[in-house]
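Q: Could you take a close look at one part of this model for me? I'd like to know what it lines and what it packs against.

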Amino acid sequence: MVFLEVILGVSLCLFVLAKWWQWSSRRFWMVNGVSYIPGIPFIGALKEAFLFKKSIGELILDLYNDEKTKNQPISGFYFFHKASLIIREPELIKRILVKDFNFFQDRRVATDAQSDTIGGNTMPLIKGENWKNIRSNISPIFTGVKMKNFYLLLKEVCEVFEEKLSREICIEKQYDIKELSGHLTVDMLAICAFGVNANSLNNSQSQFYEQARSISNFTWRRAINFCGCFFFPELASFLKFTMFPDSVNNFMRDSINYVIEQREQSGTKRNDLIDVLITMKNMRKDIFHGDILVAQAAVFLAAGFETTASATSFALYELAKHQDIQENLRKEILEELRNHGEVSYERINQMEYLQIVVLETLRLYPTLPFLDRVYMPTGDELYSLEPYNKFCIPPGMPVYIPALAIHRDPKFYPDPLKFNPERFRNCDKNSLNQYLFLAFGQGPRGCIGARFGMFQVKLAIISVLKNYQVDCCEETPPAIRMAKKSLIMQSEDPINLVFRKL
């Protein structure tokens, strides 16, 4: 009897607490004059993603297109206990990412600072002055001169890739294109960043490939851990959230420390990421040491692998579905080869149709479906959203910029689900459109490796299309379903395509 009374008492308390949560959440946004997207108690708007019924990308799309609020420049909602904003107005996006960047410099994501000394010190996670110091020191690796040096290394990897395809394809062969692109991408990253020949194209058991794949392989445990870092960072230390699996941390720590030691002993210069890390270490040993240096190499592999491999596979998938676009692109590639013998670094950057095909791929499939920022003023001042809304953002409030939803908004991109590279023809880079294309972010915290990643994707596409026609097959998914456990844009299904020798 006593036990039953306790159960009833606890149930009543939980019921009252849930009703209070719903009432206080709705009241907060009503009092502040902000359209509100309701959610269930304690979990908020995250319900479908929290239960892994939808991907985060699909959830963000739903929030953006909420029938009652979709015409508003901003909307309020809750992720767990945290009042947050979704931003739809391009001018507000510009203010947050660029004009008032100093107030929105940090991201909400966090891990356990004590145990995650590698993941917690990567550029996506570090904050404030530490972020500025590392960003400014890493930036030189992506200068135009360095990119030209990388081209020669990337070209060598693509030659190995082309030899592999030639060896394996007599008439035609079916590939899981994400896996194939992943092997190519890892070999590109390993040689350019670390001066290491990963050889994963010819060795499916390559440690570099296995570790890179484990970073973006969202098992149940990894999905919970990763989403916790983004949406419940206050519990990072208590629940021991980490950005990478332990195996990746150990592999990167051993590999990078070994390569740095060998490079210092030999005095060899390769103008790659390792040289930059050694320079950072020698200039400011008090700041740049140990796992802080390893962290920059780890995120280079993690971010570079997923973005490039996914963009390459999605591009080839769409080209397989749109043979007319594939043929137009092949004509441009073959014309370059006829006129110049090879496609040089300078000529690749001037290939207009290749450029717009890649841009359209990234519009339809941005790696990150949203950008997150936290308002962190120097004092307690509020941030006004006038003239779009009278609401003032309080310190510590997260704001979410729904990149995927903006990319698929018919107001900005007519017939948004259609793969149409021509929409980027003669696009004015100085117009407001740049704040409607967010595949690499915008402003000071935009993707530092965007140019390098674009170049990798272009080289991969050229290597395939100059010798092969890419077609769909019975196992090709009719449409891309977003992986439900993934925080980034991934396909739920293998992307199987057929390569036919021309």
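A: Let's start inside: helices H7 (177-193), H13 and H18 (450-465) each supply at least two residues of the lining of the second largest cavity. H13, residues 290-321, is the part I'll follow from here. The model is a predicted one, where local features need pLDDT of at least 70 and side-chain atom pairs count only at pLDDT 80 or more, while totals for chains, interfaces and linings use all residues. Residues are numbered from 1 along each chain as its sequence is written, and side-chain values use heavy atoms, with hydrogens and water left out.

For orientation, the protein chain has 18 helices and nine strands (DSSP runs numbered from the N terminus: H or I of at least four residues for helices, E of at least two for strands). Its C-alpha atoms fill a box of roughly 80 × 55 × 55 Å along the principal axes.

Back to the cavity. Searching the whole structure turns up two cavities of 30 Å³ or more, a cavity being a set of points on a 1 Å grid over the protein atoms alone where a 1.4 Å probe fits but cannot get out. The second largest holds about 30 Å³ of space; volume here is the space filled by probe spheres set on the points, which are joined across faces, edges and corners. Its lining (residues with an atom within 4 Å of a point) consists of Phe161, Ile177, Leu180, Ser181, Leu184, Thr312, Leu316, Ala460 and Val464. H7 gives the largest share, four residues. By class, seven lining residues are nonpolar, two polar and none charged, where Ala, Val, Leu, Ile, Met, Phe, Trp, Tyr, Cys and Pro count as nonpolar, Asp, Glu, Lys and Arg as charged, and the others, Gly among them, as polar.

H13 also helps to line the second largest pocket, as do H7 and helix H8 (207-215), each with at least two residues. A pocket is an open set of points with protein on both sides within 12 Å along at least five of seven lines. About 550 Å³ of space lies in this one, and of its 25 lining residues, Lys178, Ser216, Asn217, Gln490 and Ser491 are the closest to the centre. Here H13 makes the largest contribution, five residues. The lining has eight nonpolar, eight polar and nine charged residues.

Now for the packing partners. The axes of H13 and H16 (residues 352-364) are 9 Å apart, at an angle of about 105° (axes are lines fitted to C-alpha atoms over the stretch in contact, and angles run from 0 to 180 degrees between N-to-C directions). That makes the pair roughly perpendicular, the class for 65 to 115 degrees (under 35 is roughly parallel, over 145 roughly antiparallel, the rest oblique). Ala311, Phe314, Ala315, Glu318 and Leu319 of H13 are in contact (heavy atoms within 4.5 Å) with Val357, Thr361, Leu362 and Leu364 of H16. Seven of these residues are nonpolar, one is polar and one charged.

With H14 (residues 323-340), the axes come within 5 Å and cross at roughly 110°, so H13 and H14 are roughly perpendicular too. Leu319, Ala320 and Lys321 of H13 touch Gln323, Ile325, Gln326 and Leu329 of H14. This contact has four nonpolar, two polar and one charged residues. Leu319 is worth a click in your viewer, as it takes part in the contacts with both H16 and H14.
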